[in-house]
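Visitor: I'd like to go through the ligand site with you, and then look at any enclosed space in the protein.
Guide: Gladly; let us put the structure up and begin with the ligand.

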Amino acid sequence: MSEGAAKKEERRKFQAIRGTRDLLPPETALWNHVEQTANEVFATFGFGAIRVPIFEPTELFARSIGLDTDVVSKEMYTFEDYEATELVELRTAAVTNVASLATGEALIDFLDRVGNFILAADKAFEAGRIPKTPENERTLQMARELIANLQTFRYQGEREILPRVAELKDAVRQVRFGDVISLRPEATASVCRAYIEHGMQQLPQPVKLYYIGPMFRRERPQKGRYRQFYQIGAEVLGGSDAPAIDAEVIEMVITFFDRLELHGVQLDINSIGCRECRPKYVELLRAELLKVKDKLGPDSQRRIRTNPLRVLDSKLESEQGTIATLPRITDHLCEACATHYSAVKRQLEMRGVFFRENWRLVRGLDYYMRTTFEITAQGLGSQNAVCGGGRYDGLVELLGGPPTKGIGFAIGEDRLILSLQESGKAPAQPGRDVYIAWMGERAHATAIRAAKDLRKAGFSVELPPVEQKFGKALGQADKLGAKHALILGDNEVSEGLWTLKTLADGSQLKLPEPALIEHLRKSKAVSS
Ligand code: HAM
């Protein structure tokens with residue numbers, strides 16, 4: 001690196017990666033309030049907190065969310081997790097920056113280097129230091145054969161060997177040194193994995209769990225859409241799919257939103273049927289879509305083949321009239337699904353939960369069946385879904401567990417906060433109760449003791465680390481929005497009478513030390 005470039009590098013200002021952001025005070029006070037409320041409300045419904053890892057095998061998400069979904073096919077942060085430094089070096093030496101293979105010697109040299117790599121990879125494979133997967137076994141075998149084949153090749157020029165060399169390089173690059181893992185794009189799959197891993201089917205059923213934490217999706221960032229975002233989610237797993245479970249889960253979200261005084265809450269529900277009735281409906285829908293194909297845009301036209309249900313998601317103005325004429329899944333549910341759906345609606349009514357039926361609500365993840373729901377809130381623009389959820393019976397089985405029913409939801413916490421802010425919910429950042437303005441060594445010792453006692457009594461205290469003139473200290477107290485300044489100088493310490501200034505009206509009071517806490521308690525009770 002040139003000196004100039006190095007200087008520039010040194011000066012580089014780091015910024016949060018696109019789609020991620022810092023959450024700062026005072027806004028974080030609102031986040032804490034929201035999370036605290038979730039803890040309280042969910043506990044009243046008997047939910048316990050679960051914390052699952054931020055990363056999991058990619059396969060877990062692929063199998064549950066579905067390979068063809070946007071989340072899995074385009075949006076996951078995926079990487080290989082390995083320690084095989086020696087193999088990395090050997091592979092780099094073998095296939096990166098390979099100069100020309102214009103002579104027979106150059107080819108032999110190349111094959112030597114690749115051979116070294118394959119030898120080391122074979123050993124690591126046998127010893128289990130790289131994953132013992134069928135894919136790795138096949139790739140290593142193929143590379144060995146390609147090397148043998150090229151070794152017996154009579155060199156006649158570069159052009160002739162290039163396709164085989166390219167094939168060999170590909171094989172070498174395909175050797176996996178570690179597990180392929182992804183940052184979690186959601187947590188339902190992880191919760192199901194944990195349910196199986198910890199034998200939770202042995203616990204009293206259903207098992208009710210909730211989580212709060214970051215998720216990662218490589219989407220195009222915009223207001224309400226981030227690459228690292230936060231979800232507050234809950235899952236109910238067990239042997240029963242009683243409609244009352246669906247309704248209670250939804251009631252819990254609505255109760256939570258009510259407690260937060262979220263504005264403009266709109267709950268949409270639907271049933272998307274089961275393995276019996278949905279495929280038949282999808283075929284019917286596909287056939288009807290083909291009839292009106294010309295009236296649809298290119299995205300929807302493509303989806304007729306790949307996933308006709310997603311056409312119903314379309315927000316394109318020009319397609320709305322056509323979509324309105326399509327057959328509706330709720331008219332094509334099997335008897336069991338239709339009965340379940342009616343019962344869920346009745347259960348919601350019994351709980352006083354208002355809903356709107358939305359036959360176009362299909363959701364973007366593959367694991368859903370029967371009940372699906374989405375909640376929108378005010379002030380969010382186009383990204384207005386603040387919560388999504390549904391039933392996913394069979395997912396635990398799909399992941400290798402016992403037959404299990406499941407239902408849950410996830411709230412987009414970023415969007416929830418945005419909506420609360422738009423409706424004027426100011427973050428409740430508690431200000432300092434007391435700023436201690438001290439001067440002199442003796443006063444410092446007293447100030448430290450006072451701070452300790454006041455904090456123990458639950459007051460928020462600011463204790464400046466260095467001595468300040470009283471005027472400056474009071475200015476600082478004012479800037480921090482402190483309610484009181486406790487003035488401690490030589491006089492106060494020797495007299496044992498402390499000066500307490502109320503910053504709002506400038507009034508001042510002399511108090512003996514033991515009376516201070518009681519006085520502050522009373523004044524806090526009056527102001528709150
Ligand atoms: P989801 O609909 O993919 O469902 O996400 C749930 C909520 O997360 C969305 O309604 C939205 O509020 C928020 N969200 C999603 N992506 C982003 C993003 N890029 N930026 C900000 N917020 C976002 C699930 O994740 C399912 N696991 C829900 C579930 C749980 N179903 C059953 N159990």
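**Ligand shell and cavities**

Guide: In this predicted model, a polar atom in the side chain of Glu186 sits 2.5 Å from a nitrogen atom of the ligand. Tyr368 also has a side-chain N or O atom at 2.6 Å from a nitrogen atom of the ligand.

Visitor: And what about Gln231, which ligand atom is its side chain paired with?
Guide: For Gln231 the partner is an oxygen atom of the ligand, which lies 3.1 Å from an N or O atom of that side chain.

Visitor: How much of the ligand's accessible area does the protein cover?
Guide: On its own the ligand has 660 Å² of accessible area, and the protein covers 95% of that.

Visitor: Which elements give two or more residues to the shell?
Guide: Those are β6 (228-238), β10 (385-391) and β11 (405-412), with β10 giving the most, namely six residues.

Visitor: How many residues surround the ligand, and how do they divide?
Guide: There are 27 residues around the ligand, and the closest are Glu186, Glu219, Glu235, Tyr368 and Ala385; by class, the shell holds 12 nonpolar, eight polar and seven charged residues.

Visitor: Changing topic, how many cavities of 30 Å³ or more are there?
Guide: The count comes to two, and the second largest cavity contains about 30 Å³ of space.

Visitor: What lines that second largest one?
Guide: Its lining includes Pro206, Val236, Leu237, Ile245, Arg391 and Lys405, and β6 and β11 are the elements that give two or more residues to this lining. By class, the lining of the second largest cavity has five nonpolar, three polar and two charged residues.

Conventions. Residues are numbered from 1 along each chain as its sequence is written. This is a predicted model: local features need pLDDT of at least 70, side-chain atom pairs count only at pLDDT 80 or more; totals for chains, interfaces and linings use all residues. Side-chain values use heavy atoms; hydrogens and water are left out. A residue is near a molecule or strand if one of its heavy atoms lies within 4 Å of it. A polar contact is a pair of N or O atoms within 3.5 Å; within protein, one must be able to donate a hydrogen and the other to accept it, and residues adjacent in sequence count only if both atoms are side-chain atoms. Accessible areas come from the Shrake-Rupley method with a 1.4 Å probe; for residues, only the protein chains shown count as cover. Helices (H or I, at least four residues) and strands (E, at least two) are DSSP runs, numbered from the N terminus. Ala, Val, Leu, Ile, Met, Phe, Trp, Tyr, Cys and Pro count as nonpolar, Asp, Glu, Lys and Arg as charged, and the others, Gly among them, as polar. On a 1 Å grid over the protein atoms alone, a cavity is a set of points where a 1.4 Å probe fits but cannot get out, and a pocket is an open set with protein on both sides within 12 Å along at least five of seven lines; lining residues have an atom within 4 Å of a point. Grid points are joined across faces, edges and corners, and a volume is the space filled by probe spheres set on the points.
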